[in-house]
Amino acid sequence: HNGQYLQSRLYEITEEFGDMALEVRGQGFMQGLEVKKEAYKIMDDAFSEGLLFNIAGGNTLRFIPPLIVEKTEIDEAYEKLRLTFRKLFRR
């Protein structure tokens, strides 16, 4: 199930960037990644990498991919998000 796969990739971000990426929550394809700060900066920088998501509740990155999303596309989004975190938080 690709919704669970998306969630597992977001958990990988929390494992690597636990000081900034605090919690993953959601159901199915609607997933959120709570960040400590700079949610809008993360969103803007990820957009420049070609990754589109929005912000919910001020500090949660909200991902709602289309139902036809493939694992390869989730992997590509993960790599873009990871790159964004590395650029912003110097890992």
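**Figure 1. Glu38, a partly exposed residue at the doorstep of helix 2.** With 37% relative accessibility, Glu38 falls in the partly exposed class, because that class lies between the 20% limit for buried and the 50% limit for exposed. This close-up, like the others here, comes from a predicted model. Glu38 sits in the loop that leads from strand 2 (30-35) to helix 2 (39-48). Have a look at its backbone: Glu38 is not a glycine, and yet its phi is positive, about 60°. At the other end of the helix, Gly50 also deserves a glance, with a positive phi of about 95° just after helix 2.

**Figure 2. The open sheet, with four strands in the order 1-2-4-3**. The pairing in this sheet is antiparallel. Strand 1 (21-27) and strand 3 (54-56) form the edges, each pairing on one side only. From one strand to the next, the twist averages 30°. Helix 2 packs on the sheet, where it touches strand 2, strand 3 and strand 4. The direction of helix 2 makes about 160° with that of strand 3.

**Figure 3. Strand 1 meets strand 2 in an antiparallel hairpin**. Here 6 bridges hold the pairing of strand 1 with strand 2. One pair to find in this view is Arg25, which stands opposite Gly32 of strand 2. The hairpin has 2 residues between its strands, and Gly28 takes a positive phi near 55° there. Strand 2 itself is mostly covered, with 5 of its 6 residues buried.

**Figure 4. Strand 4 and its two antiparallel partners, strand 2 and strand 3**. Strand 4 (residues 60-63) pairs with strand 2 over 4 bridges. Two pairs can be picked out on this side: Glu34 stands opposite Thr60, and Leu33 stands opposite Leu61. Turning to strand 3, its pairing with strand 4 has 3 bridges, and Asn54 has Arg62 as its bridge partner. The hairpin of strand 3 and strand 4 has 3 residues between the strands. Within this hairpin, Gly57 has a positive phi near 65°.

**Figure 5. Helix 2 crosses helix 3 obliquely**. The axes of helix 2 and helix 3 (residues 71-89) come within 9 Å and cross at roughly 120°. This angle makes the two helices oblique to each other, because it lies outside the ranges for roughly parallel, roughly perpendicular and roughly antiparallel. The crossing of helix 2 past helix 3 is right-handed. Helix 2 brings Lys41, Ile42, Asp45 and Ala46 to the contact, while helix 3 brings Leu81, Thr84, Phe85, Leu88 and Phe89. Sorted by class, the contact between these helices has 6 nonpolar, 1 polar and 2 charged residues.

**Figure 6. The buried residues of helix 2 and what covers them.** The residues to look for are Ala39, Ile42, Met43, Asp45 and Ala46, the buried residues of helix 2. Their cover includes strand 2, strand 3 and strand 4, together with helix 3. The spacing of residues such as these can be read with the helix repeat in mind. An α-helix has 3.6 residues a turn, so residues three or four places apart point the same way.

**Figure 7. Thr84, a buried residue of helix 3**. Thr84 has 1% relative accessibility and so counts as buried. Leaving aside residues up to four places away in sequence, Thr84 touches Ile42, Asp45, Ala46 and Glu49. Ser48 is another residue to find: its C-alpha atom is separated from that of Thr84 by 9.2 Å, although the two are 36 residues apart along the chain.

**Figure 8. Helix 1 runs roughly parallel to helix 3**. Helix 1 (residues 2-16) packs with helix 3 at an angle of about 20°, their axes 10 Å apart. The pair counts as roughly parallel, because the angle is under 35 degrees. Helix 1 passes helix 3 in a right-handed crossing. Among the contact residues are Tyr5, Leu6, Arg9 and Ile13 of helix 1, and Ile74, Tyr78, Arg82 and Phe85 of helix 3. By class, this contact has 8 nonpolar, 1 polar and 8 charged residues.

Note on methods
Residues numbered from 1 in each chain as written. Predicted model: local features only at pLDDT ≥ 70, side-chain atom pairs only at ≥ 80, totals over all residues. Heavy atoms only, no water. Buried < 20%, exposed > 50% of the residue type's maximum accessible area, 1.4 Å probe, protein only. Pairing = 2+ DSSP bridges. Axes fitted to C-alpha atoms, helices over the stretch in contact; angles between N-to-C directions. Contact = heavy atoms within 4.5 Å. Parallel < 35°, antiparallel > 145°, perpendicular 65-115°, else oblique. Left-handed = near helix turned anticlockwise from the far one by under 90°. Nonpolar A, V, L, I, M, F, W, Y, C, P; charged D, E, K, R; others polar.
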